[in-house]
Amino acid sequence: MSVVNEDQDGEDSRPRRRHVRPPSWFGGEDETPAVRGGIFVEVVVNRAFDQALTYHVPRKFVAGVQPGVRVRVPLGKRGGLVTGYCVSISLIPPEGLEPGRIKDVAEVLDPVPLIDSKMLELTRWMAGYYLCSWGQALDAVVPAGVRKHAGTRIGTFLVVPDETLKTWRDGTLEKKLTAKQTAALDALVRAEGAPLTVADVCRRAKCGPGVVDGLRKDGVIHTVKRRLSLDESRKSPDDEAAAPAPIEPKAKPSLTPEQQQALDAMTPALQGDAFAPFLVFGVTGSGKTEVYLSAIEQVVARGREAIVLVPEISLTPQTIRRFKRRFSRVAVLHSHLSDVERHRHWRSIASGEVDVVVGARSAIFAPTRRLGLIVVDEEHESTFKQETVPRYHARDVAVKRAQLEGVPALLGSATPSLESWSNAERGRYTRIAMPSRVEGRPMPAVELIDLRREKNMTGGLSDPLRDAIHRALDDDGQVILLLNRRGYNTFVICPKCGEVVKCKHCDVAATFHKSRRMLICHMCDAERACPPACPSCGAGVLHYGGIGTERLEREVRMEFPFHEARRMDSDTMRRHGSHEEALAAFKSGDVRILLGTQMIAKGLDFPNVTLVGVVDADVALHLPDFRAAERTFQLVAQVAGRTGRGQRPGRVLVQTYSPESPAILHAARHDYESFVAQELPQRAAGLASPYGRIVRLLARGREEARVKGYLDDLTAALRSKADASVRFWGPCPAPVLKIKEEFRFHLQLRCATAAPLRALLRDLSHPPLPPRVELAVDVDPVVML
Ligand code: ADP
Ligand code: ZN
């Protein structure tokens, strides 16, 4: 089997649901012995159809097949071989199938199962719940590196020639590259010769394969084919576990009474063998992490393993150190791992060499041997939702996995999702409250600044906020400024005709980035030159408006020239390691003002921060999303929690045009419960989560009429067979009508319970999907664009 074929495995994960054809090998083809007894297997493949297929196992494979191994099987009329997972074995051919007509397994790929029976069950649940195929769920669980035997077979890797390195280091090259190309090349240079594939670089640089291909065509990078061993991958500086930094153990603090109470409440579950979900509702700085660490100690002492999920953004060296100080056998799984590195972690976890797995979303599928506990920190974070098939929510999968494995699950947050909160209200989760900060530190005082009254503002800072910054700096404090919008100007408008300059490929306003002197689309990253005149009416002068982090940085530098400021957003943090470097400079006190996007809002723990300024609290408040208020509340509450964490009290100033909006008002008072009490009835009225289930069907394609026509027809078909309890929202244009030249229309189905939705959506083959139209089925959607 060639490398090329292997690379194609698992490609067909696009959300396309084709008409379910009866498997063609039932039809009379040659080489069908009249009667064959023996062993049969059910195999699922990564295709959109959701059935297991039955194959006969030839005698030579009988010893090798077992549930959880992958096999090669013929599929389709031409009988081409595809890879699938064996999910069950039986001695009796399934009813209705003539044994002689069943095709043979062609190859058994794995000497040992890749997944155990619990994971088979979990993936089957995912398929049913998220309305994808079992094969698609399985491919999400087993990392590509494991599937492709990364590190043991020949692969194609990228190399940076010396000439490139030279021009990269002196900077002459960077001027010629796009932002994405810069990020991709940076990922490669940083790897210092560690073997990276195209997919690895795309993951690290958050770019598409076209970016890498462009660099190759321009001769900036080369490719080589070679075989390498798993050990060789240890060269990569991005692999935390490969080169453990010497970490000085730190005496663990004795728990506060509140922390001890929290731990006591979960101890019977930690020592038991049953599913037990907890919601740890603890204010910022209440010491939740310390409680998780103690809980993990208990299960590790019993010889069990723990999985800790944290949002990717919180997977900072600071977080990792806290775990590595306490436990010696820690695996950190983050999105920057290469396929080879991921494969090695997978193997060491599966062979019992790891006690604690810390990672983002996909770490929930870690192949632990004796799982004892799952922790989901910041459980409200929307990044736990995967936005490609299978569109799972890692927190919800975590709870399901804990249930299947019979272990406790700790979901922690200062601002729980309304879903988890209501699960606690209904008694499904045990709530553990930690209402005070450690060492009796007060919650910071939050003041709202009504921007409607600040008439003389020319930049992003009102007089009171500017004064507060001066005062904090004068008192040797540090300052965090949050503005959740990057770029210099957030829009360019024609004062004559009122047209806003948009991306050429998307239906969104382009953002002006001064450092690149370009308009950049935040949806597709396309860049366009600043037009000399209005593209619509030709007027010669365009108005640049709105403030992003780039402009705020300039304002701050002008206003506070004697204090070092640093911007943290995805533009300045493109080069890997810059994140750590910026935080280290802030921690050391060299940097006095840290400003940036939500990147700085979460998880940071710096005792000397005495002022947090929220430059525009309204950024997310008016988005067409039923969670807009919840997100605004969370962001303001979380960033407010970054101050007052040391000996000195903290202060928070929040600039807003909507000081009376409940999300902002309650966040200012640190009053989660009042916010929830106000927000829940609105959710109930719309049958939105947590009161109802939502499935979003998004159709997209380049021809607007065809996309719209298809979704209209699909809606009519669904209406005709829908249960009366299902409510239809739409079909209508999606909030962003066009992304990357594709038009988007959506339909939301809402229902008080999930069953009628699932029954309705099990078969979406009628009307058939027209050519060049894609349909995405999103259960419990999080992103509503
Ligand atoms: P949270 O995750 O709830 O925001 P952390 O666990 O990060 O809170 O704790 C906040 C700060 O308090 C950290 O600096 C942590 O080291 C410190 N801390 C936590 N528990 C204790 C304790 N029992 N005694 C002293 N300091 C503590
Ligand atoms: Zn665009």
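Buried means under 20% relative accessible area, exposed over 50%, and partly exposed in between, with a 1.4 Å probe and protein chains only. The model is predicted, so local features need pLDDT of at least 70 and side-chain atom pairs count only at pLDDT 80 or more, while totals for chains, interfaces and linings use all residues. Residues are numbered from 1 along each chain as its sequence is written, and side-chain values use heavy atoms, with hydrogens and water left out.

**Exercise 1.** Determine which arrangement the donor atoms form around the zinc ion (ligand 2).

Solution. Begin with the protein donors (N, O and S atoms within 2.8 Å of the metal, or 3.2 Å for Na, K and Ca), which are C503 (SG), C506 (SG), C521 (SG) and C524 (SG), lying 2.3 Å from the zinc ion. Next take the angles: the 4 donor atoms subtend 105 to 115°, which makes the arrangement tetrahedral (four donors, all angles between 85 and 135 degrees). For comparison, ideal angles for four tetrahedral donors are 109.5 degrees.

**Exercise 2.** Establish where C506 and C521 sit in the chain, and whether C506 is buried or exposed.

Solution. The donor residues follow the spacing C-x2-C-x14-C-x2-C. Within it, C506 lies in the loop between strand 17 (491–493) and strand 18 (511–513), and C521 in the loop between strand 19 (518–520) and strand 20 (527–529), so that the pair, 15 residues apart, links distant parts of the chain (strands being DSSP runs of E, at least two residues, numbered from the N terminus). Finally, C506 is buried at a relative accessible area of 2%, and C521 is buried at 1%.

Definitions and conventions: Chains lettered and ligands numbered in written order. Tetrahedral: all angles 85-135°; square planar, octahedral: opposite > 155°, others 65-115°. Helix = DSSP H or I, 4+ residues; strand = E, 2+ residues; numbered from the N terminus.
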